[in-house]
There are 4 protein chains.
Amino acid sequence: MKSDKTFLVAGGDLRQAFVAGHLAREYTVYALGFDNDVELDDRVIPIESVCELGGPPDYIVFPIPASNDSEHVNMPLSHKHTRLQDVLEAASPDTVIFAGKAGKSLAAMCHLQGLELIDYMEREELAVLNAVPTAEGAIQIAMEEMPTTLYGQKCLITGFGRISKALIRALSGLGMEVSVSARKYGDLAWIQVYGCKAVPIRELPSVVGQYDLVLNTVPAMLFDRSVLRAMKKGSLLIDLASKPGGVDFTMAKELGVKAIWALSLPGKVAPVTAGEIICNTIRNMIQERGSE
Amino acid sequence: MKSDKTFLVAGGDLRQAFVAGHLAREYTVYALGFDNDVELDDRVIPIESVCELGGPPDYIVFPIPASNDSEHVNMPLSHKHTRLQDVLEAASPDTVIFAGKAGKSLAAMCHLQGLELIDYMEREELAVLNAVPTAEGAIQIAMEEMPTTLYGQKCLITGFGRISKALIRALSGLGMEVSVSARKYGDLAWIQVYGCKAVPIRELPSVVGQYDLVLNTVPAMLFDRSVLRAMKKGSLLIDLASKPGGVDFTMAKELGVKAIWALSLPGKVAPVTAGEIICNTIRNMIQERGSE
Amino acid sequence: MKSDKTFLVAGGDLRQAFVAGHLAREYTVYALGFDNDVELDDRVIPIESVCELGGPPDYIVFPIPASNDSEHVNMPLSHKHTRLQDVLEAASPDTVIFAGKAGKSLAAMCHLQGLELIDYMEREELAVLNAVPTAEGAIQIAMEEMPTTLYGQKCLITGFGRISKALIRALSGLGMEVSVSARKYGDLAWIQVYGCKAVPIRELPSVVGQYDLVLNTVPAMLFDRSVLRAMKKGSLLIDLASKPGGVDFTMAKELGVKAIWALSLPGKVAPVTAGEIICNTIRNMIQERGSE
Amino acid sequence: MKSDKTFLVAGGDLRQAFVAGHLAREYTVYALGFDNDVELDDRVIPIESVCELGGPPDYIVFPIPASNDSEHVNMPLSHKHTRLQDVLEAASPDTVIFAGKAGKSLAAMCHLQGLELIDYMEREELAVLNAVPTAEGAIQIAMEEMPTTLYGQKCLITGFGRISKALIRALSGLGMEVSVSARKYGDLAWIQVYGCKAVPIRELPSVVGQYDLVLNTVPAMLFDRSVLRAMKKGSLLIDLASKPGGVDFTMAKELGVKAIWALSLPGKVAPVTAGEIICNTIRNMIQERGSE
């Protein structure tokens with residue numbers, strides 16, 4: 001049986017199209033900002049303007065980020081433009097706003113209008129689950145770029161956060177010999193428990209030359225001139241750290257080190273999975289609020 | 001080349017005998033509290049009293065726990081008795097005291113004498129690395145008690161701390177179908193990332209009947225009458241939680257549920273490894289203090 | 001719905017008790033040779049003599065081995081004695097006889113009586129599946145005997161047959177560093193594909209000293225004086241090879257090498273699983289014969 | 001110290017360029033059929049004609065296949081053309097010829113000239129090791145084509161040969177739920193031992209609809225109209241079987257099933273690894289012949 005709650009999914013890329021589709025199995029879902037050529041689930045009701053809504057929706061879902069210019073909804077799959085404020089005007093005081101990387105302007109608008117705004121990108125479970133498509137995206141890049149199998153090659157991961165843990169599982173599963181560098185003794189212990197070689201980060205410059213593939217997850221300038229110069233000839237460096245990243249790319253180019261900055265992989269390599277993760281996170285948030 | 005620092009290893013079980021042996025590769029090590037029939041590394045210098053020390057040692061290592069009665073050193077491998085205070089009198093003001101579960105009385109004595117006391121059981125890396133022998137000890141018990149292979153059976157782990165993570169790796173590696181129950185959404189996400197089925201803890205009573213092996217790591221009364229009654233006939237319950245544990249053992253007996261409380265496994269099933277872990281932790285602490 | 005076929009399970013250890021229980025879910029099953037204190041499934045009909053059978057059974061299941069003395073049924077769970085010939089007299093010409101390690105005398109009796117005899121121990125799927133409890137039994141022994149965790153230790157497996165493959169999976173899953181020695185280039189390639197270090201067998205004497213645990217699966221005298229002398233002090237040698245085995249145990253004792261000959265592990269460490277495997281193999285044989 | 005044996009590597013793609021480079025660490029290696037823009041190891045001596053050889057080489061290495069037209073050497077990295085016969089004229093009666101998929105015409109030429117010809121593609125270790133780059137190539141394609149992560153999806157592999165075993169390891173390592181279909185009971189048992197669900201091949205039509213990814217390794221028409229129609233909407237079918245393959249691609253297109261025939265993956269996705277495998281196989285063959 002369907003819930004009687006209604007959603008408005010406003011804007012976004014393929015991930016949000018899948019979010020709308022998933023939610024539509026359970027709720028009445030309107031979708032704004034998807035041109036006709038975007039394949040939406042049959043149960044989703046596409047609209048061109050909030051005027052087409054029967055009444056205020058219970059939930060509005062904005063994409064990641066909600067806006068690129070602080071004024072309009074981020075709508076890459078539509079040739080139209082819609083203002084954030086116009087969407088919010090469809091809300092009643094009880095409407096809950098979900099957004100990924102909401103941004104200051106949307107936060108301010110919601111605050112002014114007395115609307116509850118929840119940023120799903122700040123949820124732990126979303127960040128954890130997104131580590132898997134990020135790791136697979138990195139593996140796909142490595143497979144495409146390396147003239148060898150991953151199997152049997154030596155790989156170094158810098159940092160021991162979420163992405164690293166997902167990388168460890170996947171790369172070990174493919175038969176790579178994985179080392180991980182970290183700073184804290186507790187992390188170095190975990191790295192061993194996970195079956196990898198633990199490398200204190202201070203040893204990076206002296207050991208980096210042993211690796212065929214290096215994956216950085218630390219958003220700090222670890223890969224400067226001296227480390228880049230120490231890298232093995234023909235090795236590949238993939239930077240997964242969010243801005244400002246951890247690699248001096250200009251220097252890498254100068255030194256002939258193949259370095260790739262791979263950002264926002266979940267939406268690119270696995271939009272369906274990324275949409276599912278967002279959708280499940282929204283479900284958890286609704287359940288926690290006890291509003292069902 | 002050997003360091004010129006000296007250690008006094010005072011008391012303890014086989015683990016401490018191995019600690020002494022490991023440290024003796026690098027330092028001058030005296031060992032107090034090991035009868036002649038205990039096999040010590042050739043490089044360790046056994047002594048019967050602190051009077052035999054040439055001078056105050058740089059480090060004194062007490063066992064886990066340091067004392068069972070707040071007065072004497074915990075010396076299960078010796079037929080003699082030595083007071084904590086007598087050992088401390090061999091110290092100079094610069095001597096550093098290491099102990100595992102130091103206890104209030106040793107802490108007070110050190111404080112009075114102005115000695116630095118560090119409890120190695122509170123170190124993150126020791127707790128992490130100890131999760132491995134704990135997991136293997138639990139597996140050994142399960143293998144001994146179950147009339148089936150572990151391979152192919154269904155296992156539930158309650159809690160998602162250090163021991164659980166080590167169990168997940170080892171049990172999945174043996175081909176068990178592993179579920180893990182936890183409370184937080186972030187933990188439930190990690191459980192999936194680690195390839196297991198995530199079970200919200202509130203569902204425990206309704207799902208526990210599906211499992212052949214249940215491993216508890218939560219030190220809270222999860223396995224009360226209602227949960228025990230719901231367990232599968234012939235299944236095995238191993239409680240790895242430190243006191244007060246998580247199982248009503250009286251009730252388990254009454255209901256005919258086979259339940260085992262397995263405590264302090266590292267020292268029992270893998271004393272050499274447990275000794276190495278202590279020794280490496282001591283090394284890390286020395287390195288951090290920059291005293292080398 | 002139950003089949004109208006009938007089974008007589010005659011003799012055997014706990015495994016056969018479980019075989020009877022499993023088969024009884026689907027067939028009418030009589031069990032001969034289990035004293036009252038043996039817990040049989042409620043659906044199994046215990047009998048004391050073949051006279052109690054209503055008529056000739058469709059299938060008779062003998063244990064492993066069928067007989068220890070070529071005359072009587074192998075009945076370790078009964079204080080009585082029953083002759084093979086007496087059991088066979090309950091058969092009609094259409095009765096099919098299943099046995100594990102049937103032996104020449106049972107084969108001759110069946111031949112004389114014109115009865116079809118199938119040895120389930122010669123079935124590939126039984127041998128394959130039995131490799132798993134054998135591997136777990138070896139792991140249990142290693143855990144009990146070694147003062148270290150298996151995790152992090154170095155292990156050498158000699159031979160690359162069924163048991164080795166099951167060992168590789170389980171030991172790698174527990175975090176051991178596994179090497180496997182074999183003779184053929186194709187096998188050495190597979191060993192690498194399975195993530196292990198491949199060691200040509202001719203290098204055994206020169207490399208054996210590196211390993212903490214050595215598991216032999218080759219029924220040929222590989223571990224003679226010279227190899228035993230080269231083993232690491234304190235290491236453990238487990239011989240899983242069927243007779244004549246692969247270890248000179250007298251010499252091992254003389255040299256102080258801890259060596260254990262572990263035979264028939266499935267029935268000892270996992271009788272329920274071993275029973276299931278026998279039962280499933282019998283099912284496959286029946287299905288292949290198209291007699292259902 | 002270098003061996004005094006000489007090699008002529010004649011033609012081939014990047015794999016053979018790497019073969020030449022690897023061999024040149026140990027032997028004197030001449031390479032024919034690589035234009036100037038092909039990066040060869042510094043130790044390799046590029047030649048334009050066999051006349052430039054100092055004398056008959058000890059070994060000649062032809063590529064895979066040796067020839068595409070039964071007359072000329074397969075030389076995709078050269079703008080020139082060289083006849084097989086012209087290369088063979090550089091041989092002495094003691095020269096050994098290595099080729100991958102030698103073909104009848106080369107075999108006949110060698111026979112006439114009394115030259116020993118060994119086809120390295122028929123070596124077990126090469127076929128085994130090639131399964132790894134084949135599996136990784138299939139995974140790369142699946143990652144590129146699927147809008148989901150591989151992690152968490154259901155995969156079916158048909159057939160249980162070398163490639164399947166490499167696929168099982170890699171796909172399980174990435175967190176896929178892997179089923180494998182085979183015909184023989186022994187294989188179905190192994191599939192379970194390797195941690196997968198075993199599906200008798202006769203059940204293919206009824207179960208295929210459950211899978212997101214299907215990988216065929218059987219060179220027989222398994223995926224005909226009826227099976228293709230039963231596939232899950234949006235699923236991906238990758239055919240890894242050599243000619244004639246196992247998929248009716250015309251029908252797949254008609255039914256809207258995304259099907260990809262992926263052949264000769266090792267040379268495409270991992271030429272360096274493929275070259276190493278060829279090189280190691282050649283080394284093994286030389287060692288077996290005792291000619292070193």
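**Strand 7 of chain D and its neighbours**

In this predicted model, Ile157(D) stands opposite Leu215(D), a residue of strand 10 of chain D.

Q: How do you know that strand 7 of chain D and strand 10 of chain D pair, and in which sense?
A: Two strands count as paired if there are at least two bridges between them, and strand 7 is joined to strand 10 (residues 213-216) over four bridges, in the parallel sense, so the requirement is met.

Q: What joins strand 7 of chain D to strand 8 of chain D?
A: Five bridges link strand 7 to strand 8 (residues 177-182), and these two strands run parallel; in this pairing Leu156(D) stands opposite Ser179(D).

Q: What makes up the crossover from strand 7 to strand 8 of chain D, and what is its hand?
A: The chain leaves strand 7, passes through helix 5 (residues 162-173) of chain D and arrives at strand 8, and this β-α-β crossover is right-handed, which means that, with the strands pointing away from the viewer, the path from the first strand over the helix to the second runs clockwise.

Q: Why is strand 7 of chain D called largely enclosed by the rest of the structure?
A: A residue is called buried if its relative accessible area is under 20%, and because four of the five residues of strand 7 (residues 154-158) are buried, the strand is largely enclosed by the rest of the structure.

Q: What relation links chain D to chain A, and how do you know?
A: A turn of 180 degrees with a shift of 0.0 Å along the axis lays chain D on chain A with an RMSD of 0.0 Å, and therefore the relation is that of a two-fold axis. In chain D, the C-alpha nearest this axis belongs to Gly173(D), at 1.8 Å from it.

Key: Residues are numbered from 1 along each chain as its sequence is written. Chains are lettered from A and ligands numbered from 1 in the order in which they are written. This is a predicted model: local features need pLDDT of at least 70, side-chain atom pairs count only at pLDDT 80 or more; totals for chains, interfaces and linings use all residues. Side-chain values use heavy atoms; hydrogens and water are left out. Buried means under 20% relative accessible area, exposed over 50%, partly exposed in between (1.4 Å probe, protein chains only). Copies are superposed by least squares on the C-alpha atoms of residues with pLDDT of at least 70 in both.
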